[in-house]
Amino acid sequence: MVNTKTGQAMLTSAQKMNTDTRPVNNINFFRNYNRLVGFTYIAIVVLTLGFFLFQIQQKHTEEIRVIQGHVDRHSQFVEFILRSSLDNLEAMRLSADNFYDTVPATFSEAENHPAHTPLFKKLQQDAQGFNLDQPIEKDATGNLNGIGRLSGRKPEFYLDVEMALNLNQIFQAVAFNLPNASESRFISVDNFSNTYPWMDAAKRPHSDKVYQSQAWLMGTPEKNPTREKYWAPVYYGGTAAGLLVPTAAPIYHNDQFRGVVSIDTSLDYLNRINSDFAYKPGTAFLVDAYGEVVAHPEVYANALEVQSTQSLGKVMPPGILTDGRKLLDIPANKATEAGDYLVIRHPFISAPWQLIFVVPKNQLWKNLLAERGPIMLLVILGLTLLMVVTYYVTTREFISPASKLVAHIATESQFTPAPIPVVPGSWKPWFETISQAFRQSLQLVSIRQELDIAANMQLSILPRHWPNQREFSLWGLMRSAKEVGGDFYDHFSLPGGKTGIVVADVSGKGVPAALFGMVSKTLIRATATRTTGGEAGQTIAVANDILCEDNDECIFVTTFYAVFDPATGSLTYVNGGHPPPLLVHRDGTTEFLPMTGGSALGIMDGIPFAQKTIQLRPGDYVIMYTDGVTEAFNPQNEEFTQERLPPLFEHRLVSDVNIAVERIVAAVDAHANGAPQSDDITCVALHFHFHAETPADNQPLAQVAP
């Protein structure tokens, strides 16, 4: 009984082993393939939608730039109109000043003096006052009318009347040059005015009320002691003129206030110009210094029929000026999200006005979706059709023989010989070689993946954002000769507002150099930022001692480390066996920074590193690079050399750090002339704009075209 049970157990075990080692013949390959196709289709659709959303986001950003461009161009045109009004107003004031300086003394005589001008002699006296209802030529003059009598007045009165009549020439030029000018006017302290274009005095009489208007009061010595030009509040000029906004300036003679000259700009004209804003949807409108809307495509659709302005609070969409937010709190010339709207505020130079552009955010998204949605739908439908056709063809031509191939591989993997099944002739070689080819492919893929991971790690540790501040800017690039390189650069903030800059080159190539470079970069940054107030030489010395520990491969790294103080322009640096950076002065002269005598890091511990300090002047560039630049070879095996760098910048100033770096890289590529890159190329440029703490240098230097 015992022997029988033992034999049965051995037989059962043998059968189990035989079952475990049998080829897997019943693989539901089609089910797995269907799942794969389904998941692939879903993934493609998801990725396509993701790319679509990314495009929409990019398009949204681009659309905001387009809007900003429209606002800038529209603002420039309005600015031109406002500037032209001020220029013509200044011409009126200069004409008055010139008249007072060159006028004959006889112009101050009584009204019946024969030396007065012919136009003066056309003035008439009536019961209400005096006027110019019978001018020599109505189109060439305004109507001068006032209260009181012409006779028995002071000499200053007659002189002012002649000056006002002399302004008619300027009034004509204003009407010709400024289509926005509705009226030009001189208002005298002697209770008369000259207004162009001419109109019968009975229809436009001079009134004492004009001396209560802001256009007059803002020009008086009490309100305007500095005699500046100014923009007065909007007023209603009648059914023919509509709303008008005056720009005015005081007139003086011998330091005595004699009156005010003004140009009334038609809001109807401004609204017609503003209605030509090229971007739709969205609304652009103008706001004056008093918070009144002076141009709006909807509020002033019929501008001549409107008798009063609207306040900003009534026109601005809700949710923008909330929680105590004021108009000036919105950043100037920058698209800003406020509530459900995108807002751009542009302040004018020639007037204390603002151009406001408002567009609902959801409207922008709707327009983008309406523009891109049909295309995306067609793409998805096309992908669906492509997947259906691909599924049919691959099932017939590939899946069926491939399923047999998989079964064959599964059988062969169990060390069980199996005959080649009936398959197309082109498939038979695969049955013989697929196992070996697959193993080799896996090995190659594994090696490639490791290199890709190393390259990604190296790129991820390099800084991606560069400072571009008012005081200085910094930018650089690194181009590896192989998949991974030994060059690296870095920049980081230090106490006291200073910035640390590192450019280094590790000996050797490939993965070991890249790993050593990553360690070196991290170590220098950690040492510099951890040591508060530490000197540049001390930082490099500490980093060198640590790198020397357990450096069995004897790898070293040439290093240029600098501490830059943007507040003063001071640059303290240590050169550890690295090529000397090039200093490019603003006047076009160049020089190489003196060496500090330091050796490469990782060779010997316990050695000191000397440091030097230079004072950068505003406009100076410091170009840092590795020997991959100077030792680049051309097809004739000639090096680029260090001597080729200064001519790239001597009397050829650049406008920013990007152009400085790209100029060097372009010169190296031109020298290489297609020869393979033999070493990693790294270049970093520092541009010192101005001293932040010097009041005289409170503005950035003018940029020079490349």
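How many bridges join β4 to strand β9 (residues 256–266), and do they run parallel or antiparallel? Load the predicted model and follow the stops below.

**Settings**

Residues are numbered from 1 along each chain as its sequence is written, and side-chain values use heavy atoms, with hydrogens and water left out. Because this is a predicted model, local features need pLDDT of at least 70 and side-chain atom pairs count only at pLDDT 80 or more, while totals for chains, interfaces and linings use all residues.

**Whole chain**

Start with everything selected. The chain holds 14 helices and 25 strands. These are DSSP runs numbered from the N terminus: helices are H or I with at least four residues, strands are E with at least two. Of its 706 residues, 46% count as buried, meaning under 20% relative accessible area with a 1.4 Å probe, protein chains only. Take contacts (heavy atoms within 4.5 Å). Between residues at least 6 apart in sequence, 64% of them join residues at least 24 apart.

**Stop 1: β4 and its partners**

Select residues 181–188, strand β4. Here 7 of the 8 residues are buried, so the strand is largely enclosed by the rest of the structure. Now add 256–266: 7 bridges join β4 to β9, and the two run antiparallel. Two strands pair if DSSP finds at least two bridges between them. Pick S184; its bridge partner in β9 is I263.

Next, add β5, residues 192–196. It is antiparallel to β4, with 4 bridges. I187 has S193 as its bridge partner in β5. The β4 and β5 hairpin has 3 residues between the strands, and N191 takes a positive phi near 65 degrees.

**Stop 2: helix α7**

Move to residues 267–274. Helix α7 is mostly covered, with 7 of its 8 residues buried. Among them are D268, Y269 and N271. Show S266 as sticks: this residue caps the N-terminal end of α7, with a side-chain oxygen 3.2 Å from the backbone nitrogen of D268.

**Stop 3: β20**

Select 570–576. All 7 of the 7 residues of β20 are buried, so the strand is largely enclosed by the rest of the structure. Color the two faces separately. S570, T572, V574 and G576 lie on one side; L571, Y573 and N575 lie on the other.

Add β19, residues 557–565, which is antiparallel to β20 through 7 bridges. A562 has Y573 as its bridge partner. The two strands form a hairpin with 4 residues between them, and G569 in the turn has a positive phi of about 85 degrees.

Finish with β23, residues 612–615, joined to β20 by 4 antiparallel bridges. There, Q615 stands opposite S570.

Notes:
Buried < 20%, exposed > 50% of the residue type's maximum accessible area, 1.4 Å probe, protein only. Polar contact = N/O pair within 3.5 Å; in protein donor to acceptor, adjacent residues only side chain to side chain.
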